[in-house]
Amino acid sequence: MGTPHRGSDIAGLATILANITKAVFQNPNKGLLRGLDSGSEVLDRIHTNFMQLLVKPDFDIHCFQEDRGVSWVPGLTGLVVDYQSSKTGSPHETCETIAANHMDMVAYSGPADDNYRQVSDALVSFADEIIKAPPSITPFGLLTASLPQDPRRDPEVAGRIDSQDLDWFFESPEFNQWNSHDSELLWLSGIPASGKTTLSFYLSDRLKRNRTYTNAGDIVISLCSPPSETRATAENQIAQVLGTIISQLLHSDRKRLELVVQQCPMPEQPRHPTPSSPPQPFLNELWKILSASVMAVPSRPVIIIIDGIDEVRTEEARQMFLQNLLQLNNEVKSKGVRGFKVFITSRPFDDIKKALNGVLNIEKDKEWKQCLRTLKFDELSARRDRVEPAHAETGGWLRDDVGYINWDSSDSSGLLLIRGKPGSGKSTLAKLILNSLKSKYDVTEIDSGEITKATNDVLIADFFYSFRGGKTETSHRLMLQSLLYQLLSQDDRLFPLFRDHFRARRRDGYQVHWQYEDLCKIFASLVSLKTRQKIYILLDAMDESSEQGRPEILRLLVQLCSAKSSCAIKGLIATRPLPRGEIDEQSSGCHAIILQERNRNDIENFITSGLQAIENSPDSPLVDFSFAKAYMMQKADGVFLWVALVLRELKELASEGCSQEEMETRLNKLPTELGEMYSLIIRRLVRRPRHPVEDPVKKGIKMPNWATFAGRPLTTEEFRDAIAGSEA
């Protein structure tokens, strides 16, 4: 639109620009006119930069020229930009005049204006040509391209990320080896969404901030984005990767650019676009240019970061690319060029593993998974799984308990103590709270065999102690191991807390045997987490845990739940009354719930449901069981298990057709203490008539003995073998 193009005739260009200034400002600034002098550096720079655009291939130009002068400006009677000056001289140029002076060339009365239609037709013609043309790739276009940006990959993330989240990478022996050697390749593999791209940007930013590299070398990054068009090919993607790397290298160092241009003259550019899939000779030329670029200035070492090479469409193309990259690395080494390094990221595809066999490799989640597998053991949730689910409406009173509400909803750490008699439903309530928290915060258990990336704002871990489970379910070491396994499986960001201990134990051999001291240190270090998370730790039946070490565990949990940190740690302990001094409820600041003082409604619902089941049984006599409900409500004292045993007694009496009077008499003779109730059951077992051929009662008595003194819970088959063996 009346733009002056005068080749290298700077003096003529200055005159033209001065004319434009007069036309626009009428009384131009003298300083501005001095800047338009034929010897002006400003004018020379503008002219040179603009003319560089015209040498690009497929750069079509349409010039509109004014056909009349500006007569009302004093001293200016002719055209502001004459016909010759408004031409570029490009063979791809089209020129036409527009019926207006220089001031009115872009002023139109509306869509019906002839000048508007003239310009509009030219723009439509350009648009049609762009739509019809296939994607083109030329060496020059690649070398002058800027770094492509995938909109899903934000380099600003590198500046916002917490560097501690990447300690696993920067403190790994593989990275340290790569970082300290003169020429090395490093491959980071990981599952999708595991942070490979974020790490690539952070690594680039970190290296650029390191003066050793910034002052003496060049760091370039290339993102292998998925092809945006179905027509694009793997070769096209590789050409783009190579082009962006070469482009950055040549733009970062003028000396490098001059040397590469001398060594690798660019081929003639075709007028018409090349096919979307570049031929192999074209890619070979790019590899030669990259090789020359890397070695052109030995004093400036090169670091190349290639993110997402797995996005290249075909295995064959990926393998060819990686083979050429390895060949380039060997060539650089053989020429004695020091400091050349390559960092590659991808998903752990088999073809990439094969191509990069022998190359330093960091698998993003490899150590995390290995560590998880060493922490897991078979009986991890055995006791919890044996706890019966809560009866309907059980624990509804928790919704109104101020202490429980504050413990759950507060952003600070805290300890909740649930204390109750044996059989009062502590384990049932603990499991109810556990399931409620998991549902509320959408926390699911993860099997280490099918582990996926895990990052959660709320972590939940539990352990249910039990005498009946033997050492496995009373051990504090296994309790800590279970808790830490659950926490680590829910959030891989916790792995730095484990890493040094894990590596130290792994050095002792392939098998890792966790020591109690290590587990205590890791557990205590949860307070150092900088993330704003909630961590729930639920421990049931603390009174059934091993007495040795229990005070230490309780002190550790109290310290974690009272410490001030970014991470809120919330502990729950369900237990019978513990020996004096093991936990100080006042100094620990915990909220205590005395279960038998709160579960009266739960007991009543349980009794009502049990009696209804007896009344509805086919062989039940016509008896009003309200007497039984009143008796149990009076004697239960918050102990569910006693109620369950009484209901079982009533069911047996009902099946025998006993009258209400007989039932009341039997009920009044039953012990009201749980321990005495168990003794009654054993005495009845012993007093039963003996069978003339075999003695099932005798066998039945042996089974509690085996269950009591076994080192761990026995399976049905093991019980069978034990009984058979003792008889023999």
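The model described here is predicted, with a mean pLDDT of 80 across the protein, and 78% of the residues score at least 70. Two stretches fall below a pLDDT of 50, and the table lists them with their contacts beyond near neighbours in sequence.

| Stretch | pLDDT | Contacts beyond near neighbours in sequence |
|---|---|---|
| Residues 7-11 | below 50 | six contacts |
| Residues 144-153 | below 50 | 25 contacts |

Where pLDDT is low, predicted coordinates should not be read in detail. The contacts of residues 7-11 and of residues 144-153 are therefore to be taken with caution.

**Overall organisation**

The protein contains 31 helices and twelve strands. Of its 728 residues, 46% are buried. Among contacts with a separation of 6 or more, 79% join residues that are 24 or more positions apart. The exposed surface of the protein amounts to about 37,900 Å², and carbon and sulfur atoms supply 50% of that area.

**Nonpolar cores**

The largest nonpolar core has 52 residues. Which of them touch the most other members? They are Leu488, Leu494, Phe498, Phe523, Leu526, Ile535 and Ile537. Helix α20, which covers residues 476-490, provides the largest share of this core, namely eight residues. Leucine 494 illustrates the contacts within this region. Beyond its neighbours within four places in sequence, Leu494 is in contact with Leu459, Leu487, Leu488, Leu526, Leu529 and Gln533. Another core, of 45 residues, lies apart from the largest one; its members include Leu249, Phe282, Leu283 and Val312.

**Helix α9**

Helix α9 comprises 14 residues, from 196 to 209. At 1.5 Å a residue, the helix should span 20 Å, and its end C-alpha atoms are indeed 20 Å apart, so the expected and modelled values agree. Its buried residues are Lys196, Thr197, Leu199, Ser200, Phe201, Tyr202, Leu203, Ser204 and Leu207. In general, an α-helix has 3.6 residues a turn, so residues three or four places apart point the same way.

**Asparagine 329**

Asparagine 329 belongs to helix α14, which runs over residues 315-334. Is this residue buried or exposed? Asparagine 329 counts as buried because its relative accessibility is 5%, and the cut-off for a buried residue is under 20%. Leaving aside neighbours within four places in sequence, the contacts of asparagine 329 are Ser183, Glu184, Leu185 and Phe340.

Note on methods
Residues are numbered from 1 along each chain as its sequence is written. This is a predicted model: local features need pLDDT of at least 70, side-chain atom pairs count only at pLDDT 80 or more; totals for chains, interfaces and linings use all residues. Side-chain values use heavy atoms; hydrogens and water are left out. Helices (H or I, at least four residues) and strands (E, at least two) are DSSP runs, numbered from the N terminus. Buried means under 20% relative accessible area, exposed over 50%, partly exposed in between (1.4 Å probe, protein chains only). Contact means heavy atoms within 4.5 Å. pLDDT is the predictor's confidence in each residue, from 0 to 100. The expected span of a helix is 1.5 Å times one less than its number of residues. Accessible areas come from the Shrake-Rupley method with a 1.4 Å probe; for residues, only the protein chains shown count as cover. A nonpolar core is a set of buried Ala, Val, Leu, Ile, Met, Phe, Trp, Tyr and Cys residues joined through side-chain atoms within 4.5 Å.
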